[in-house]
Amino acid sequence: MASTAPNAPETLDASFFQDPQPVYAQLRKEGPVRRVTLPHGWEVWVVTKYDEARAALADPRLLKDGRKLDQYLDPELLGDQSVFAEALRAHMLSSDPPDHTRLRKLVMKAFTSRRVEALRPRIEAITDELLEAMAANAPTDGTPVDLINSFAFPLPMTVICELLGVPFEDRDDFRTWSTVVVADNPTEEEIRSASYAMAGYLSQLIARKRAEPEDDLLTGLVQAREDDDRFDENELIAMTFLLLVAGHETTVNLIGNGVVGLLRDPDQLARLRSDLSLVPGAVEEMLRYDGPVNLATLRFASETVRIGDVEIAPGEIVLVSLGSANHDPSRFDDADRLDVGRAAQGHLAFGHGIHYCVGAPLARLEGEIAFRKLLTRFPGLALGGEPEQLRWRESSLIRGLERLPVQLG
């Protein structure tokens with residue numbers, strides 16, 4: 001697939017995951033789009049500047065339906081991804097109009113803003129329970145507490161499981177499966193095992209909701225209709241998969257990344273503590289500064305697309321870097337600095353266009369409650385080790401910590 005490229009592809013190695021912003025800064029200097037080689041070997045175009053990224057996210061020539069992409073790719077590159085393609089990727093994030101339009105319309109019938117806001121008291125109660133459990137179970141010998149495992153993960157996972165009607169006791173299995181699916185470097189056997197297990201589990205759960213309807217979102221999806229249209233079986237499995245993965249990954253990493261950003265900047269932490277009315281705006285700034293998604297899910301050109309001085313050929317993969325666009329100094333002043341008082345609206349952490357994150361209101365609500373209560377309950381919260389020891393997950397898609405050791409103070 002020939003392309004007009006100003007330079008040879010930039011190779012992104014494992015160190016990129018640990019600190020991507022210096023790489024992005026260099027790529028932005030070279031132009032709004034650059035050819036790169038990802039750590040798992042794929043050569044793709046990465047869009048790094050804000051204006052071009054926002055335009056690409058809404059460009060109808062950049063398609064999402066992976067089934068159409070298969071015709072362009074070497075089967076050896078695809079590996080065993082086809083094992084879970086039909087069962088797990090038939091959701092709206094991997095579809096184009098008109099399929100995307102009908103899928104989003106159906107899910108929005110069940111995922112309403114009123115339903116989300118009605119969750120506020122329950123989210124507050126879950127948050128209080130988790131914070132009290134952290135305090136009660138904190139080691140007395142000074143050993144740090146892992147904020148990811150003890151708070152950032154169980155909060156949104158409990159919420160999305162309750163919202164969908166998924167048994168919470170299955171959360172650890174689902175976390176294991178989803179970690180494999182979003183990782184950059186799983187083996188074909190790991191993908192096959194996780195995908196079969198997840199698809200099989202969700203199929204059984206959907207069958208149970210169909211036989212024994214309950215007052216939950218999954219039952220709502222099973223029953224959702226628009227005229228004579230409704231989800232087919234694969235679409236139900238894929239949509240449940242998407243809502244479960246996105247419904248916890250987004251908030252896990254919003255909390256984790258936001259907390260570590262604050263703990264690395266005592267002045268901003270003190271400013272937020274002294275005025276909790278800043279929390280809603282600070283959540284937007286945390287989403288901009290170090291959001292939960294690094295590179296948006298893949299798109300590919302359906303025809304020749306020109307971005308900047310580069311022509312992208314049909315079938316070539318395009319990844320939009322939300323993390324880079326949100327640090328573009330042409331859009332955000334002093335973009336590499338966390339500023340809890342910044343007016344960060346317009347950031348691209350939740351995407352843009354028809355694929356804008358349907359769960360954004362829930363993530364914002366969870367983030368607002370989590371930060372307000374965490375900072376109030378633990379005024380002495382501090383990192384439980386050197387910042388340089390923190391490790392970030394090796395995923396091009398997800399920007400999140402493996403662990404976040406903290407001292408509760």
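## Exercises on contacts and a pocket

Both Glu-285 and Arg-342 are buried. Keep that pair in mind as you work through this predicted model.

**Exercise 1.** Find how far apart the closest N and O atoms of Glu-285 and Arg-342 are, and work out which parts of the chain the pair ties together.

*Solution.* Start with the distance: the closest N and O atoms are 3.1 Å apart, and the two residues form a salt bridge. The cut-off for such a contact is 4 Å. Next, place each partner: Glu-285 belongs to helix H17, while Arg-342 sits in the loop between H18 and helix H19 (360-377), so the salt bridge ties together parts that are 57 residues apart in sequence. In the whole structure, a search finds 26 salt bridges.

**Exercise 2.** Decide whether Arg-337 and Asp-334 are buried, partly exposed or exposed.

*Solution.* First, the contact itself: the side chains of Arg-337 and Asp-334 meet in a salt bridge, 2.8 Å from N to O. Now recall that buried means under 20% relative accessible area and exposed means over 50%. Arg-337 has 35% relative accessibility, so this residue counts as partly exposed. Asp-334 has 47%, so Asp-334 counts as partly exposed too.

**Exercise 3.** Classify the aromatic pair formed by Phe-16 and Tyr-24.

*Solution.* Two values are needed, because a pair of aromatic rings is described by the distance of the centres and the angle of the planes. For Phe-16 and Tyr-24, the centres lie 5.5 Å apart and the planes make an angle of 90°. Planes over 60 degrees apart count as edge-to-face, so this pair is edge-to-face. Both rings belong to buried residues, Phe-16 and Tyr-24. To finish, add Phe-17: together with Phe-16 and Tyr-24, Phe-17 forms one aromatic cluster.

**Exercise 4.** Describe the lining of the second largest pocket: which residues are closest to its centre, which helix gives the most, and how do the residues divide by type?

*Solution.* Begin with the space, which is about 440 Å³. The lining has 27 residues, and the closest to the centre are Gln-21, Arg-264, Tyr-289, Asp-290 and Arg-399. Then look at the elements: helices H2 (21-30), H15 (233-263), H17 (279-290) and H18 (322-325) each give two or more residues. Among the contributors to this lining, H17 gives the most, with four residues. Last, sort by type: the lining has eleven nonpolar, eight polar and eight charged residues.

How values were computed: Residues numbered from 1 in each chain as written. Predicted model: local features only at pLDDT ≥ 70, side-chain atom pairs only at ≥ 80, totals over all residues. Heavy atoms only, no water. 1 Å grid on protein atoms, 1.4 Å probe; cavity = no way out; pocket = protein on both sides within 12 Å on 5 of 7 lines; lining within 4 Å. Points joined across faces, edges and corners; volume = space filled by probe spheres on them. Nonpolar A, V, L, I, M, F, W, Y, C, P; charged D, E, K, R; others polar. Buried < 20%, exposed > 50% of the residue type's maximum accessible area, 1.4 Å probe, protein only. Phe/Tyr/Trp six-rings, centres within 6.5 Å; stacked < 30°, edge-to-face > 60°.
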